[in-house]
Structure formats: C-alpha cells, structure tokens
Amino acid sequence: MVAITNAHNDLIHDAVLDYYGKRLATCSSDKTIKIFEVEGESQKLVSTLTGHEGPVWRVDWAHPKFGTILASCSYDGKVIIWKEENGRWSQIAVHAVHSASVNSIQWAPHEYGVVLLVGSSDGKISVVEFKENGVTNPIVIDAHAIGVNSVSWAPAVIQEKASASGTDSTSNNFQELRRFVSGGADNLVKVWKYSPEAQTYVLEDTLEGHSDWVRDVAWSPSVLLRSYIASVSQDRTCIIWTQENNKGVWKKTVLQEDRFPDVLWRASWSLSGNILAISGGDNKVTLWKENLEGKWESAGEVEQ
C-alpha cells in the first residue's frame with residue numbers, strides 16, 4: 001500500500017490512478033491538483049497544476065489512446081482539461097457553461113471519442129466533445145432542480161435498432177446505446193439515454209428510494225445482460241439498482257437493512273464490476289460482493 005502524506009495543504013477530495021496504475025492525480029480544497037508517479041510502494045510528486053479559483057472536487061483521466069489527458073472540476077464552476085507533453089502539463093481547454101459549482105465529471109467510454117460528462121449545482125448536466133480544432137457545442141440538459149451531485153456513464157453497449165418493417169438486416173441496423181446516470185439534491189437517481197433524432201439526452205427513468213441527497217452514483221463497468229447502478233446518500237443507505245437486458249423496470253435492492261453509521265459519500269466499482277466499494281463519513285471503506293443467490297454480502301473493510 002502506498003501512503004502519501006502532506007500532499008496538500010487542505011482536504012483531499014479525490015484521488016484517481018491512471019489507466020496503467022502508474023500515475024496518481026489528487027485534488028484538494030487548496031485549489032491544486034497534484035500528479036504523482038507511483039512505483040511499487042514508492043511515489044514521487046512530479047507536477048502541481050494550478051488554475052482553479054476554488055476547491056477542486058474531482059479529477060478523471062481520459063483513455064490513454066487520446067494521450068495523457070486529465071479533467072478537473074471545481075467549486076469555481078469550471079472544468080479544466082489538462083494535457084501532458086514531454087513532461088510538461090498545460091491547459092488545453094476550459095469548459096465554463098455552468099453557473100455554479102461543478103461537482104462531478106467522467107470521461108465517456110473511449111468508443112465514443114473524447115467526450116466528457118459534467119454535473120453541476122446549477123441543476124444542469126452538460127456533455128461536451130473535445131476535437132483537435134477545439135470544443136464542440138455542449139449538450140446541456142436540466143436534470144435535478146436543486147443541483148446535480150454525481151454523474152456516471154454506462155459501459156458502451158451496441159444494440160439492434162428497431163426497424164420499421166421488421167425485416168431490415170443491413171449492417172447499419174445497430175446503434176450505440178449511450179446512457180448515463182445522475183444523482184441529485186432532490187433525492188432522485190435519473191437514467192438518461194441519447195436520442196439520435198433529438199440530438200440530446202432524454203430522461204429514460206427516475207428512480208426513487210432515497211430520503212435525502214444522493215451523494216454519488218456509479219454504473220458498473222462490466223458489460224453483462226444485467227446492468228448495475230449503485231447510489232449512496234446522505235440518508236446513510238446504499239441502493240443497488242438492476243435492469244435486465246438494458247430495458248424494462250429497474251429493480252431496487254437496499255445494500256444492507258441497517259443504515260450505515262454515517263453519511264455515505266462515494267461508491268466505486270472494481271474494473272471487473274463485481275466488487276463495490278463504499279466510503280462514508282466514518283472514514284471507513286467497506287467492500288461488497290453479490291453472492292450466487294443475488295444477495296449482497298460484506299467482502300471486507302479498509303480502515304483509512
């Protein structure tokens with residue numbers, strides 16, 4: 001285990017390893033982002049990125065096929081895109097369409113290109129694509145009236161289009177099912193789906209189950225016949241939502257009958273999608289796994 005001490009002068013809000021697990025990006029209320037090289041049990045600070053004017057809430061690495069690119073979001077209402085070339089980091093784009101704190105960001109599955117999902121306290125979600133010649137016009141949707149706390153992409157899925165005649169078997173009869181989930185201060189979890197006809201994201205489902213702010217949502221990255229979403233809340237509960245074959249109703253399962261001892265802040269799936277990590281205000285990270293009967297059971301605990 002790598003321990004990094006005195007990395008920032010204030011609270012650390014996020015820490016994310018890159019695709020290869022060789023670099024760690026951290027961000028803090030001290031308005032900075034730090035990049036560490038991690039090797040074995042040793043780590044070395046290689047860069048400090050400054051540019052935000054408020055606490056930096058989240059960071060996310062883009063897929064390496066696009067280069068060494070990092071996105072960060074802040075209380076200052078901005079998303080900054082950083083790129084490293086020859087050991088030097090620079091800002092290559094600023095996404096500033098939101099009028100309040102930007103609380104959550106996530107790069108889309110790489111199959112979609114360099115596309116970023118953004119959620120803000122202004123109640124809106126934006127989806128922006130970055131091209132070589134600059135930024136495309138973002139898609140902006142009204143999502144949660146009191147504010148968006150978290151957003152998370154579904155894994156890339158290709159599905160068959162419903163043809164008008166029912167006999168069309170051409171190769172372009174398949175399309176990407178682009179979906180994401182959002183959690184808000186209205187206690188709701190919402191599932192969104194891209195509509196090629198409307199050229200925007202439309203609300204597919206509203207999932208009710210929490211009695212207080214939804215602090216984080218996480219869509220499991222595994223591509224299975226069943227979709228899994230985890231949502232955690234200020235109400236000290238975690239709910240697992242499941243849907244069969246990317247259609248139909250979402251089934252709700254409360255992770256454990258008793259409420260957790262404190263507010264739950266974050267939910268994160270393992271890369272294989274079968275282990276769920278939950279962190280909360282008691283400074284503990286608990287791990288969970290689904291058993292063969294479909295029940296969720298404890299898979300361990302990490303003391304911070």
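**View 1. The surface of the protein chain.** In this predicted model, the protein chain exposes about 15500 Å². Carbon and sulfur atoms supply 47% of that exposed area. As for what is tucked away, buried residues account for 48% of the 304 residues.

**View 2. Strands and overall dimensions.** Look for helices here and you'll find zero, but there are 27 strands in the protein chain. The chain has a radius of gyration of 19 Å, close to the 19 Å that the globule rule gives for 304 residues, so it is as compact as a globular protein of that length. Measured out along the principal axes, the box filled by the C-alpha atoms is roughly 60 × 50 × 40 Å.

**View 3. Contacts and charges across the chain.** Take the contacts between residues at least 6 apart in sequence: 44% of them join residues at least 24 apart. The chain also carries 28 positive and 38 negative charges, and the mean positions of these two sets are 2 Å apart.

**View 4. Ser120 in its strand.** Now zoom in on Ser120, which sits in strand β10, running over residues 115-120. Ser120 has 0% relative accessibility, so it counts as buried.

**View 5. What the Ser120 side chain reaches.** A polar atom of the Ser120 side chain lies 3.0 Å from the backbone oxygen of Ser101. The Ser120 side chain also reaches the backbone nitrogen of Asp122, at 3.1 Å.

**View 6. The surroundings of Ser120.** Setting aside neighbours within four places in sequence, Ser120 is in contact with His98, Ala100, Ser101, Val102 and Asn103, along with Gly147 and Val148. Ser101 in this list is the residue whose backbone oxygen lies 3.0 Å from the Ser120 side chain.

Terms used: Residues are numbered from 1 along each chain as its sequence is written. This is a predicted model: local features need pLDDT of at least 70, side-chain atom pairs count only at pLDDT 80 or more; totals for chains, interfaces and linings use all residues. Side-chain values use heavy atoms; hydrogens and water are left out. Helices (H or I, at least four residues) and strands (E, at least two) are DSSP runs, numbered from the N terminus. The radius of gyration is taken over C-alpha atoms; the globule rule is 2.2 Å times the number of residues to the power 0.38. Buried means under 20% relative accessible area, exposed over 50%, partly exposed in between (1.4 Å probe, protein chains only). Contact means heavy atoms within 4.5 Å. Accessible areas come from the Shrake-Rupley method with a 1.4 Å probe; for residues, only the protein chains shown count as cover. Lys and Arg count as positive and Asp and Glu as negative; His and the chain ends are not counted. The place of a charge is taken as NZ of Lys, CZ of Arg, CG of Asp or CD of Glu. A polar contact is a pair of N or O atoms within 3.5 Å; within protein, one must be able to donate a hydrogen and the other to accept it, and residues adjacent in sequence count only if both atoms are side-chain atoms.
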